[in-house]
Each structure stands twice: as C-alpha cells, then as structure tokens.
Amino acid sequence: MISTVYSTELPIDEELMIRKNVIKGGTGSLRLCIVTGTHGDELEGQMVCYEMARLLTEETVHLDGTVEIYPALNPLGIDTIQRGVPNFDLDMNRIFPGNPDGTMVEQAVHTIVEDLRGADLVIDIHSSNLYLRETPQVRINVLDEETLVPLASYLNVDFVWIHDAATVLESTLAHSLNSTGTPCLVVEMGVGHRINHKMCSRLVGGILCLMREMNMWQGIINRPVMPEPLVCRGNNVAFLNAEASGVFLTDLKCGTIVAEGELIGEIVEPLTGSVLSRVVSPCKGFLFTIRAYPIVYEGSLMARICRM
C-alpha cells in the first residue's frame with residue numbers, strides 16, 4: 001500500500017511529496033522500516049528499495065509483520081542530482097529532528113521522524129559522496145553499541161565502525177531515532193552518483209537474514225551469507241590525507257587487507273610526469289575507504305584504514 005508521509009505545494013503548480021510503501025504479511029506485529037534518499041546524490045538505496053519492494057510484494061506469504069519502504073526522503077535532491085535540498089542549500093541529514101512550526105524542510109523532517117517513531121528497527125541506507133568509495137559498512141554510535149552491533153552482524157557488510165559519541169552529529173536521522181528509543185542502523189556503501197549491483201544485492205540478502213533472525217521472514221534467501229564483519233572503534237582508524245595537490249592514481253580497491261608500508265597510490269603531476277607524493281599505509285589493516293575522484297588537493301582524504 002502506497003501512502004503519503006508528507007506533502008506540500010511548491011511554486012509553479014508543483015508538489016513536494018514523500019511517500020512510503022507499506023507491505024504487510026501474516027499476523028506479526030513487528031515493524032521494520034527501510035529509508036534512503038536523504039542525500040540526492042546517494043543512489044545505492046534506490047536499488048535496495050526496489051529489490052525489497054519487488055521481493056516482498058511477490059512473496060508476501062513468507063512475511064510475518066510489516067515492512068515500510070521510504071525510497072526518497074529528499075525527492076527534490078534526487079530529481080535534481082543534488083546532495084542537499086535544492087533552493088534551501090540544506091543538508092537534510094543535518095536538521096533532524098526538525099520543527100513542526102519551522103520551514104518547509106524542518107516540517108518535513110519532523111513528520112518523517114514522527115512517522116518512523118516506534119518502529120522495531122530502522123535501516124538508514126547511504127552511499128558515499130562523489131569523492132570516496134566505501135566498502136559496505138554499518139556505522140554505530142558507541143552509546144548504542146550493545147543494542148545495534150549484534151543486529152549489524154546479519155547485514156552482510158564487511159565492516160562495523162563504532163563512532164565515539166562526541167563525533168556523532170545530533171542532527172542526523174539516526175541519532176534522533178536512537179536517542180528516543182527507536183533503533184536505527186546506518187549503512188554506508190559504494191560511491192556517489194552510481195549504483196553497485198553486487199553491493200546492493202549483498203545488502204538485500206543481509207536485510208532478509210536480519211528479518212529471519214527477527215522472525216519476520218520465512219522465505220528463501222538466495223544471496224551468499226558473508227562472514228562476521230570486522231568491528232572497529234573510531235580511535236583505531238588511520239586517516240590518510242594528501243600531502244600534495246595533483247592526480248591520484250591507484251589500483252587498490254576498498255575492502256582489502258593492506259600491509260604496513262604498502263603503497264596505496266601516487267599523487268602525480270601530469271604536466272611534468274613527476275610523482276609528487278606516495279600514499280603509503282601507516283599500519284597493517286583493513287582498507288575500508290579509498291579515494292574515488294582522482295583530482296586531489298593538499299589535505300584531501302585519500303583513504304581510511306582500520307588498524308589490525
């Protein structure tokens with residue numbers, strides 16, 4: 001059943017409309033919400049929502065409970081290929097929990113939070129931006145570690161990154177939900193403006209595995225189950241930043257183990273044919289983030305490695 005979460009009129013006879021697909025099966029009372037599209041340039045969640053909606057609609061007989069799918073919290077951003085909300089110059093994931101008496105966007109995010117409140121679990125799907133590529137991972141506030149890490153282990157991700165509480169923005173959807181008793185897992189994967197089919201299929205399989213663990217799904221899961229994810233705390237992550245401006249060249253992909261001293265890539269100068277800087281791993285660890293956009297400037301983030 002398609003229902004409208006929030007709608008308002010826009011100039012020139014247009015309308016902002018945030019919708020969800022509510023799929024019910026069996027007699028179970030559990031409620032799982034899948035949300036994405038907060039940033040208009042993050043598209044991996046679109047395929048995940050499509051696959052989940054298609055599968056659950058075709059095989060509702062195996063569903064026991066309610067799954068609500070929100071594919072576009074920021075439909076204007078998706079329509080215009082912009083990260084934030086067009087014309088407002090706002091990052092939607094920096095103004096939660098919103099304000100019922102505020103601006104149009106503040107009212108919209110307030111309505112979203114109220115609509116999600118009380119769910120047994122919310123899965124908030126993000127991609128990286130245009131500049132970085134991320135291996136499939138779940139990011140969790142250390143304050144929610146005990147509750148959320150066991151759930152994250154079912155999602156077929158490579159990596160669980162536990163952030164220190166001080167580094168978690170209080171104005172995000174996940175923080176707004178977790179701090180008020182609605183558990184929310186944040187999934188990050190891929191790169192902006194693109195859809196990685198393998199990563200999306202892995203996550204769909206992971207969501208079904210988690211639903212099975214919650215006794216919400218009794219159907220077949222045709223995706224390979226991955227090993228237990230690596231769990232890493234924020235203070236155990238090495239950040240590699242560019243020491244020069246130029247073009248970054250690398251053959252490495254994220255999701256691999258690198259050795260201490262291993263070459264991650266080189267920053268080169270095309271005009272002179274010279275190597276300006278060698279990006280080297282400072283430790284043995286799991287490479288879970290790597291630069292995707294090759295033009296870099298001094299200080300640009302090149303990679304993130306979880307020390308092992």
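This is a short tour of a predicted model, with a selection to make at each stop.

**Stop 1: strand β5**

Start by selecting residues 121-127, which make up β5. Colour them by burial and you'll find seven of the seven residues buried. Now show the side chains. In a regular strand, side chains alternate between the two faces of the sheet. Here Leu121, Ile123, Ile125 and Ser127 sit on one side, while Val122, Asp124 and His126 are on the other. Both faces are covered.

**Stop 2: the partners of β5**

Keep β5 on screen and add residues 31-35, strand β3. The two strands pair in the parallel sense over four bridges. For a landmark, pick Cys33, which stands opposite Val122 of β5.

Next add residues 184-190, strand β8. Six bridges join β8 to β5, and these two also run parallel. Click on His126 and look for its bridge partner in β8: that's Glu188.

**Stop 3: off the end of β5, onto the surface**

Follow the chain out of β5 into the loop that leads to β6 (132-141), and stop at Leu130. Is Leu130 buried, exposed or partly exposed? It counts as partly exposed, because its relative accessibility is 32%, and the partly exposed class lies between 20% and 50%.

Switch on a surface and add Tyr131, Tyr293, Ile295 and Tyr297 to the selection. Together with Leu130 they form a nonpolar patch, with about 470 Å² of accessible area between them.

**Stop 4: the four-stranded sheet**

Residues 295-296 are β16, an edge strand of an open sheet, so keep Ile295 from the patch selected. The strand order is β14-β13-β11-β16, with antiparallel pairing. At the other edge is β14 (274-280); each edge strand pairs on one side only.

Select residues 263-269 to bring up β13, which is joined to β14 by six bridges. A handy pair to label is Ile267 and its bridge partner in β14, Ser277.

**Stop 5: helix α6**

Finish with residues 197-213, helix α6. From first C-alpha to last, its 17 residues reach 24 Å, close to the 24 Å expected at 1.5 Å a residue. The helix is mostly covered, with 12 of the 17 residues buried. Among them are Met199, Cys200, Arg202 and the run from Leu203 through Met211.

Then check the two ends. At the N-terminal end, Asn196 acts as a cap: one of its side-chain oxygens lies 3.1 Å from the backbone nitrogen of Lys198. Just after the helix, select Asn215, which takes a positive phi of about 65 degrees.

Key
Residues numbered from 1 in each chain as written. Predicted model: local features only at pLDDT ≥ 70, side-chain atom pairs only at ≥ 80, totals over all residues. Heavy atoms only, no water. Expected span 1.5 Å × (residues − 1). Buried < 20%, exposed > 50% of the residue type's maximum accessible area, 1.4 Å probe, protein only. Polar contact = N/O pair within 3.5 Å; in protein donor to acceptor, adjacent residues only side chain to side chain. Patch = residues over 30% accessible without salt bridge, like charges linked within 9 Å, V, L, I, M, F, W, Y side chains within 5 Å. Areas by Shrake-Rupley, 256 points an atom, 1.4 Å probe, with all protein chains shown as cover. Salt bridge = Lys/Arg side-chain N within 4 Å of Asp/Glu carboxyl O. Pairing = 2+ DSSP bridges.
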